[in-house]
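User: I would like to learn how to read the sheets, the helices packed on them, the ligand site and the unusual backbone spots of a model. Could we go through them in turn?

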Amino acid sequence: MGSLPFTVSDLQTSTNGARSSPTLLCTPLMGTTVDQMLIEMGKAKEIGADVVEIRLDCLRTFNPRQDLEILIKRSSLPTLVTYRPIWEGGQYEGDENKRQDALRLAMEMGANYIDVELEVAHDFNSSIDGKKPDNFKVIVSSHNFHNTPSAEAIGNLVARIQATGADIVKIATTALDITDCARIFQIMVHSQVPTIGIVMGERGLISRLLSPKFGGYLTYGALEAGAISAPGQPTAKDLLDLYNFRLIGPDTKVYGIIGKPVGHSKSPLLFNAAFKSVGLDAVYVHYLVDDVEKFFNTYSSIDWSGCSCTIPHKEAALKCMDEIDPIAKKIGAINNIVRRPDGKLIAFNTDYIGAISAIEDGLRGLNGTIPSAGSPLAGKLFVVLGAGGAGKSLAYGAAQKGARVVVANRTFERAKELADKVGGQAMTLAEVENFHPEEGMVLANTTSVGMKPKIDLTPISKEALKHYCVVFDAIYTPKDTRLLREARETGAVVVYGTEMLIRQGFEQYKNFTGLPGKMHHIVVEALKHYCVVFDAIYTPKDTRLLREARETGAVVVYGTEMLIRQGFEQYKNFTGLPAPEDLFRQLMEKHA
Ligand code: ATR
């Protein structure tokens, strides 16, 4: 089975295909009694479902005439009645004629939809020919619990379903790989009849979430996390609140996090909330990816606009990129991938940007810090503890900012290898204890020492900490590690690991959207109406106001500029001569 890459034209047809109304959200009712189902109906309505699926096969006892009357008449939402037999993955084991009689009865009693299996659909549809009420539709379904067949085989299946006289086609297959969803998307986009396409299993999640993008007639959302009617089904609440299901349409740009495992990631929560808050037509999903290359080859059109990348793909994804940010390339790991308008993939490592910018702000916050045009890390002695992935990010990031880097690691060889690459010095963790060639050094811990549950540990003694002016810990569980507590006690400015986490997210958001992150959302909102922003403050030179103004695209004017220019004016008044501007500037820089 080949996976078919998406082209722009594939997506464009989605607006011309069978889609005529927004994708419905259907919540299956799995109660074992009629009373339970009535309670579930109320909850489904409250959550915001459009349709309830009454799964008759879940009822322990079933009296067709009496129970259908209650369930259909009392439902405040449109009803879809399903009586799934065991041979199609359901729970009904009884007589086939009785089963079909119950479905016909549901139709007569006012159900809006019934779901009938392909195996029996031809005869069933003939039996109701000419008897269908207005606004009643038959869904003919096919379930494959083993795999997702080739595009051609699925196409043939759709034709067979259509030939039974189905009003709505439903195909549910099983995802062995996330790229299986692509074939179902293609079917939904091209189908001339309303189609429900679902790829079951965790790897098929995007088939459910992105149903509105590809013109699916309906998608299923469970009432509760434990109450799913098929593998991989999200809850209705997550569809609506986490993934902004109602805001997804054909033009929605798709972002996500690729990883394995990935379900625990909170990134969709953050990004979808951010997209919604600025009215961006974009969604951010969980991508459970086994084979990164296959993933990028399959989802290759510009609608697949970018992704975050987590364990274990941070290194493997490098091979699939058209362009890589030079520092990310040196670090050898990426975590942020953006598809440019020309379709090319460009990758970044925002972990190092997040950590370094947090440490720079820590330095800027020091009392009496000399404002300078460049990074406050320039010239600083920067000690990185650890030489793993995070250690590399910090060491390369600090070196790029002009810091003198020292890498200290439990295993000296790894420290040496990294230190050589960044033009720094290597030592063991033990040696750091007595290392203080100067005061006011910067320390960054990237080892796991002090992380939950061993929160009493610390990678360096409190005594040694007194030579550092800023101490950063990449650990964020707990937020306040022993290292940071002791650093604070010795008078250092501390920078939390959570700050790195948050900032790397801001950077990703900026890369994805070209917009400033949510961090300073309100300030940024206020600033975006200004083309030039001046700050009379000159300690520090680069104030937060000016940094944020720059993010909004404004030209910034530093307070130091006012200071220097008023000096020129004084000189002219004193002497009647033009001021030696270059000399003034040089002297200001030197003695600022
Ligand atoms: P990450 O990608 O989070 O940096 P990593 O690549 O596994 O994770 O690196 C973990 C770092 O923590 C390494 O520098 C490791 O030291 P070694 O290279 O000697 O293994 C360091 N580390 C882990 N446990 C440690 C411990 N108990 N004491 C000191 N250093 C430790």
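Analyst: Let us begin with the terms for a helix lying on strands: contact means heavy atoms within 4.5 Å, and the angle, which runs from 0 to 180 degrees, is taken between the N-to-C directions of axes fitted to C-alpha atoms. The model is predicted, and in it helix H18 (residues 482-489) lies across E18, E19 and E20, running at about 165° to E19.

User: Which strands does helix H14 lie across, and at what angle does it run to E15?

Analyst: Helix H14, formed by residues 389-400, lies across strand E15 (381-385), E16, strand E18 (441-445) and strand E19 (468-473), and its direction makes an angle of about 170° with that of E15.

User: In what order do the strands E15 to E20 stand in their sheet, and is the pairing parallel or antiparallel?

Analyst: As a general idea, strands of a sheet pair through backbone hydrogen bonds, either parallel or antiparallel. Here 6 strands make an open sheet with the order E17-E16-E15-E18-E19-E20, and the pairing is parallel. Strand E17 (425-428) and strand E20 (493-495) are the edge strands, each of them pairing on one side only, while the twist from one strand to the next averages 20°.

User: How many bridges join E16 and E17, and which residue of E17 is the bridge partner of Asn409?

Analyst: Strand E16, residues 404-409, pairs with E17 over 4 bridges in the parallel sense, and the partner of Asn409 in E17 is Thr428. Asn409 is also worth keeping in mind for the ligand, since among the 13 residues around the ligand those that come nearest are Ala387, Asn409, Arg410, Thr411 and Arg414.

User: Which polar contacts should I then look for at the ligand, and how much of the ligand does the protein cover?

Analyst: For polar contacts one looks for pairs of N or O atoms within 3.5 Å. An N or O atom in the side chain of Thr411 is 2.4 Å from an oxygen atom of the ligand, and a backbone N or O atom of Ala390 lies 3.0 Å from a ligand oxygen atom. At Ser448, a polar side-chain atom is 3.4 Å from a nitrogen atom of the ligand. The ligand has 640 Å² of accessible area on its own, of which the protein covers 63%. By residue class, the shell around the ligand divides into 7 polar, 4 nonpolar and 2 charged residues.

User: In what order do the strands E9 to E14 stand in their sheet, and what is the pairing?

Analyst: This open sheet of 6 strands has the order E10-E9-E11-E13-E14-E12, and its pairing is mixed. Strand E10 (282-288) and E12 stand at the edges with a single partner strand each, so one side of each is left without a neighbour in the sheet.

User: Where can the two senses of pairing be seen in this mixed sheet?

Analyst: Strand E9 (residues 253-259) and strand E11 (residues 304-309) pair in the parallel sense over 5 bridges, with Gly256 standing opposite Cys307 in E11. Strand E12 (residues 323-324) and strand E14 (residues 345-348) are likewise parallel, over 2 bridges, and Glu323 has Ile346 as its bridge partner in E14. By contrast, strand E13 (residues 336-339) pairs with E14 in the antiparallel sense over 4 bridges, and Ile337 stands opposite Ala347 in E14. The hairpin of E13 and E14 has 5 residues between the strands, and in this hairpin Gly343 takes a positive phi near 90°.

User: Which strands do helices H10 and H19 lie across?

Analyst: Helix H10 (residues 267-277) lies across E9, E10 and E11 and runs at about 170° to E10, whereas helix H19 (residues 497-513) lies across E9, E10, E11, E13 and E14 and runs at about 10° to E13.

User: Finally, which unusual spots of the backbone deserve a look?

Analyst: In general, most residues other than glycine have a negative phi, and most peptide bonds are trans. Asn135, which is not a glycine, has a positive phi of about 60°, and its place is the loop between helix H5 (118-127) and strand E5 (137-143). A cis peptide bond with omega of about 5° joins Lys452 and Pro453, where Pro453 is in the loop between E18 and helix H17 (462-465). The peptide bond from Thr539 to Pro540 is also cis, with omega near 0°, and Pro540 is found in the loop between strand E21 (532-534) and helix H21 (544-551).

Note on methods: Residues numbered from 1 in each chain as written. Predicted model: local features only at pLDDT ≥ 70, side-chain atom pairs only at ≥ 80, totals over all residues. Heavy atoms only, no water. Pairing = 2+ DSSP bridges. Near = heavy atom within 4 Å. Polar contact = N/O pair within 3.5 Å; in protein donor to acceptor, adjacent residues only side chain to side chain. Areas by Shrake-Rupley, 256 points an atom, 1.4 Å probe, with all protein chains shown as cover. Nonpolar A, V, L, I, M, F, W, Y, C, P; charged D, E, K, R; others polar.
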